[in-house]
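Work through the exercises below with the sequence and the model at hand. Each task is followed by a solution in steps.

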Amino acid sequence: MASAQDEGMDFHKAFLSIDTDHSGEITVDELQSYCRKMNYQETFVQKWLMLFDADQNGRITYDEYCNALGLPPKKDVIAKHKSQQSKGKKSGKTARAVKVAKRRKEQEETRVTVETVKPPVQEEVVQTAAVAPVAASKAAAAGQAPQPPPSQAPSRRSRIRNEQLSYSGVMLHSRARVFQRKALYRLAKKSAANKLARKLKGAPSTAAQQRPATVEKPIGGDKNGGTRQVASRRQPRSLPTEPTSKPRRLRPVKTFARQRRRLRASIQPGSVLILLAGRHRGKRVVFLKQLASGLLLVTGPFKVNGCPLRRVCQSFVIATRTRLELGDLRLPERLNDAYFRRTKKQSKQKASPAAQDPFTRPEAAYQLAQERREDQKSVDSQVMSALVKLGRPDKKLMLGYLSSLFSLKSGQRPHDMVF
């Protein structure tokens with residue numbers, strides 16, 4: 001059975017087979033040559049750069065390769081790289097310098113090949129190239145530093161070059177790096193300051209007043225119309241990553257306290273309601289009043305169907321046409337929304353860690369308050385007195401109606417039924 005180190009030998013050999021100059025790093029040129037050699041697809045180069053090029057500089061070092069695969073670097077491979085680098089130092093050039101020189105030579109050959117296509121430009125280049133060595137030799141004889149010709153004077157823009165890495169689509173510098181090296185942030189700050197000053201003064205810029213929105217430019221060709229309207233100011237090359245739109249004005253929030261409390265016309269004090277949700281769903285209860293929160297206060301009565309005083313939402317009830325004449329119903333003043341709020345359970349005192357069982361929860365028995373018992377009796381007594389007023393047969397029928405559960409059978413449609 002092979003070990004992990006033996007299995008990793010193939011990956012190290014793969015790196016060495018691609019790194020032909022044994023410099024310790026794989027370039028895009030080496031990847032492309034290996035791709036052509038093995039008849040791989042063109043996506044092979046991009047996949048390797050995405051997987052192993054951690055710093056995205058267009059080169060895959062041996063450390064990046066090992067870290068991506070989770071392999072320990074091999075000493076013999078590192079020694080081979082160091083020996084190659086030492087040979088390069090003795091010769092006066094490192095492997096990277098050799099690669100850069102090779103790439104510049106290829107670019108120079110490409111440039112000369114393109115210039116040979118244009119004879120007039122070629123003559124100017126030859127003349128300039130012939131004069132430049134003579135001027136440099138004269139300056140060296142006089143003890144002065146040679147000066148480049150006026151046409152080849154290095155500018156700030158030419159010193160900061162952003163070139164493509166071997167036709168791979170990967171640029172040498174990112175857009176942010178070029179922005180920093182060219183010091184374009186100074187111009188951005190200056191334009192922002194001028195814009196802010198104009199905004200504070202309240203006057204538009206003179207350039208904006210003089211420059212029109214579009215400019216008419218001549219267009220060649222017989223079928224192109226002769227002229228065309230072109231925008232005088234170019235659109236930005238890239239859009240901002242953060243939204244710059246103005247914040248939306250939110251409409252005033254209609255809080256729960258400001259909402260109107262409406263009650264259905266079919267629900268009146270004494271109406272019999274059918275509960276559709278909760279632990280007492282299906283029971284028929286008697287409506288007493290509407291609380292400040294909009295919820296309905298109902299009762300069973302408790303002795304008839306076991307439903308105590310509780311709050312329900314009118315969206316989850318069915319109002320029936322059956323109604324009790326409660327008359328002058330007197331409810332306690334403390335029957336409000338705060339009356340029905342849940343109280344925190346009072347758990348027992350925590351025992352010592354040694355005596356406490358970690359798998360058992362502290363039991364907290366709910367105890368009904370005495371005031372709730374009194375309120376339930378006072379309200380139910382008034383509802384029962386209303387049932388007594390109905391007479392013996394109607395009272396018996398009403399008690400059976402309140403104690404029975406609401407149910408539907410097959411083929412019954414609640415929206416077509418009259419309650």
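**Exercise 1: a charged patch**

Arg 198 has a relative accessibility of 31% and therefore counts as partly exposed. The model is a predicted one.

Task: State which residues gather with Arg 198 in a patch of positive charge on the surface.

Solution. Step 1: place Arg 198 in helix H10, which covers residues 184-201. Step 2: apply the patch cut-off, which asks for over 30% relative accessible area and no salt bridge; the 31% of Arg 198 is given above. Step 3: list the partners, which are Lys 195, Arg 211 and Arg 233.

**Exercise 2: a nonpolar patch**

Task: Find which helix gives the most to the nonpolar patch.

Solution. Step 1: name the members, Phe 179, Leu 184, Tyr 185 and Leu 187, which together have about 360 Å² of accessible area on the surface. Step 2: compare them with the span of H10, residues 184-201; H10 gives the most, three residues. Step 3: check one of them, Tyr 185, which lies in H10 and is partly exposed because its relative accessible area is 35%.

**Exercise 3: buried or exposed?**

Task: Decide whether Ser 271 is buried or exposed, and find what its side chain reaches.

Solution. Step 1: locate Ser 271 in strand S5, residues 271-275. Step 2: buried means under 20% relative accessible area; Ser 271 has 3%, so this serine is buried. Step 3: follow its side chain to the backbone oxygen of Gln 268, at 2.8 Å.

**Exercise 4: helix H4**

Task: List the buried residues of H4 and describe the residue that follows this helix.

Solution. Step 1: within residues 62-69, the buried ones are Tyr 62, Glu 64, Tyr 65 and Cys 66. Step 2: after H4 comes Gly 70, with a positive phi near 75 degrees.

Technical notes:
Residues numbered from 1 in each chain as written. Predicted model: local features only at pLDDT ≥ 70, side-chain atom pairs only at ≥ 80, totals over all residues. Heavy atoms only, no water. Patch = residues over 30% accessible without salt bridge, like charges linked within 9 Å, V, L, I, M, F, W, Y side chains within 5 Å. Areas by Shrake-Rupley, 256 points an atom, 1.4 Å probe, with all protein chains shown as cover. Salt bridge = Lys/Arg side-chain N within 4 Å of Asp/Glu carboxyl O. Lys, Arg positive; Asp, Glu negative; His and termini not counted. Charge placed at Lys NZ, Arg CZ, Asp CG, Glu CD. Helix = DSSP H or I, 4+ residues; strand = E, 2+ residues; numbered from the N terminus. Buried < 20%, exposed > 50% of the residue type's maximum accessible area, 1.4 Å probe, protein only. Polar contact = N/O pair within 3.5 Å; in protein donor to acceptor, adjacent residues only side chain to side chain.
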